[in-house]
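User: Hi! I am new to reading protein structures. Could you walk me through this one with some questions and answers?

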Amino acid sequence: MSSAGTPRIAVVGSGPAGVFTVEALLKSNCRRAFDVFDRLPAPYGLVRYGVAPDHPRIKSVSTVLRRVLENPAVRFFGNVTFGLDIGLDDLLTHYEAVIFATGAPGHRELGVPGEDLPGSRAAGEFVAWYNGHPDAPVDFPLHARQVAVLGAGNVALDVTRLLAKDPRELVGTDVPDHVLDGFRCSSVTDVHLVARRGPVQAKFTTVELRELGLLRGVDVLVRPEELRLDEADERALESNRQARANVDLLREFARRPTTDATRRIHLRFWRSAAAIDGDGAVREVRLADTRPGGGADEVLPVQSVLRAVGYRADPLPGLPFEGRTGTVPHRKGRVVDGGARPVPGCYVTGWLKRGPTGVIGTNKADAVETARCVIEDLADGHRSRASDPNSVPRLLNRRGTEFVNWSDWLRLDSYEINRGRAQGRDRSKVSDLDAMLAIGKRGQ
Ligand code: NAP
């Protein structure tokens, strides 16, 4: 489709949520052109910067996203920050519809004393570091021997696995060189994953749990007494296949004999962090027993804490936001204001819409729902616009925004692939923002 004079739709965020929504709209044959904005010079959002590097199969979703972004009706504008380089008024002036898909890049707070002590970090900071996110510092200290990971979701499992994994097994992945070096210098011997509820209530999935048991040179330790189930748990297991599989696997871990492994993962249940203590840096975590009539507090001597208790979206300038859920209020994807009235032309999808839950595939159904609302409203024709495709690039140029287009990204992509191949791996990511921009503009 020629995009000159074609009404345009803007999508803010080039991760799975945003791109699946473009895909749903393209499939609907809505005859619109799409501009996809991202604040980073690289596309794919959480697929590139959130999925663990040792999960290449999940990372390969980027192939699907790429196909959509390479559709002739789609343009990519990287290194453009919503609210800074381009605002809501700009987008509503130039586009018929604006779809927000900026995810949940922030972190939920734990709310216990000592949470901000040096050595206590949100797990997301570690995820950003090992994925080479441009905002992450180059150094992530792995000097601790004992680490507590608080939370029992898949992020907790990801960071636990990466902390315990032999760095030689990361050599084939796309992690940046400084991350490989960081893992090689790690002092970590023991990782304690701490769940505030029991094994039946754990949020992690069995495939990811199983991976812990396959790590070379790592013992997975589970206390049989923490796997004991009460009647309510037994009943819950009957209707919850995932919990049943998790409990079976945990029981199998508990039966395993210990070895002379150099690293250990301790999976703990029914323990909640009451405080993180230390003089100037983390020294221990005080754990409360959360079972009814639970025993005395326990002190876990650790030098580092990763809080994996959930992500959180940040409010976007000009859009309503619900602080309690950390989402943009909406009806089936149509943004609504405090009085539940639709905000014309504004839509939301993905974690910003439903909160930080679900796997990448969950975004597909969500995208279809949002796309359906967009199509219905376009049919009404209230906000019809035949936009000049050059008006937004001109606006960005006038503002001095050094935006990145798809060809720029492809140059950076090739550079990373070639650099990785020279080291015998598929890709070696560039994480420095200035370097990403420079390589994108001039190639190798
Ligand atoms: P999550 O699945 O919601 O897990 C959060 C964990 O934190 C839960 O165990 C929760 O316990 C715990 N928690 C929350 N507040 C707490 C508190 N104050 N004190 C102690 N524990 C607390 O979130 P996530 O792990 O960040 O993952 C986000 C989404 O991404 C999930 O849908 C996940 O499946 C997905 N993901 C998938 C993969 C994969 O497929 N490989 C990898 C990473 C992430 P309660 O249950 O008791 O609230």
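The turns below go through the ligand's surroundings and then two sheets of this predicted model.

User: Which residues come nearest to the ligand?

Analyst: Happy to help! There are 21 residues around the ligand. By type, this shell divides into 9 nonpolar, 6 polar and 6 charged residues. Those that come nearest are Ala-152, Arg-196, Arg-197, Glu-208 and Gly-358.

User: How far is an oxygen atom of the ligand from an N or O atom in the side chain of Arg-197?

Analyst: Let's look at a few polar contacts together. For Ala-152, a backbone N or O atom lies 2.9 Å from a ligand oxygen. For Lys-203, a polar side-chain atom is 3.0 Å from an oxygen atom of the ligand. With Arg-197, a side-chain N or O atom takes part, and the distance is 2.8 Å.

User: What percentage of the ligand's accessible area does the protein cover?

Analyst: Start from the ligand on its own, which has 920 Å² of accessible area. With the protein in place, the covered part of that area is 84%.

User: Which helix gives the largest share of the shell around the ligand?

Analyst: Look along residues 154–164, which form one helix. This helix supplies 3 residues of the shell, the largest share. Its name is α7.

User: Which strands stand at the edges of the 7-stranded sheet?

Analyst: Follow the order β3-β2-β1-β4-β18-β17-β16 in this open sheet, where the pairing is mixed. An edge strand has a single partner, so one of its sides is left without a neighbour in the sheet. That describes β3 (74–77) and β16 (330–331).

User: In β18, what is the bridge partner of Val-98?

Analyst: Strands β4 (residues 97–100) and β18 (residues 342–348) run parallel and are joined by 3 bridges. Helix α13 (residues 362–380) lies across both of them, as well as β1, β16 and β17. On β18, the partner of Val-98 is Cys-346.

User: Which strands stand at the edges of the 6-stranded sheet?

Analyst: This open sheet has parallel pairing and the order β6-β14-β7-β8-β10-β9. Each edge strand has a single partner, so one side has no neighbour in the sheet. The two are β6 (120–122) and β9 (218–222).

User: And in β10, what is the bridge partner of Val-191?

Analyst: Here β8 (residues 190–194) runs parallel to β10 (residues 263–268), with 5 bridges joining them. The β10 partner of Val-191 is Ile-265.

User: Which helix packs on this sheet, touching β9 and β10?

Analyst: Look for a helix whose direction makes about 110° with that of β9. This helix spans residues 241–255, and its name is α11.

Technical notes
Residues numbered from 1 in each chain as written. Predicted model: local features only at pLDDT ≥ 70, side-chain atom pairs only at ≥ 80, totals over all residues. Heavy atoms only, no water. Near = heavy atom within 4 Å. Polar contact = N/O pair within 3.5 Å; in protein donor to acceptor, adjacent residues only side chain to side chain. Areas by Shrake-Rupley, 256 points an atom, 1.4 Å probe, with all protein chains shown as cover. Helix = DSSP H or I, 4+ residues; strand = E, 2+ residues; numbered from the N terminus. Nonpolar A, V, L, I, M, F, W, Y, C, P; charged D, E, K, R; others polar. Pairing = 2+ DSSP bridges. Contact = heavy atoms within 4.5 Å. Axes fitted to C-alpha atoms, helices over the stretch in contact; angles between N-to-C directions.
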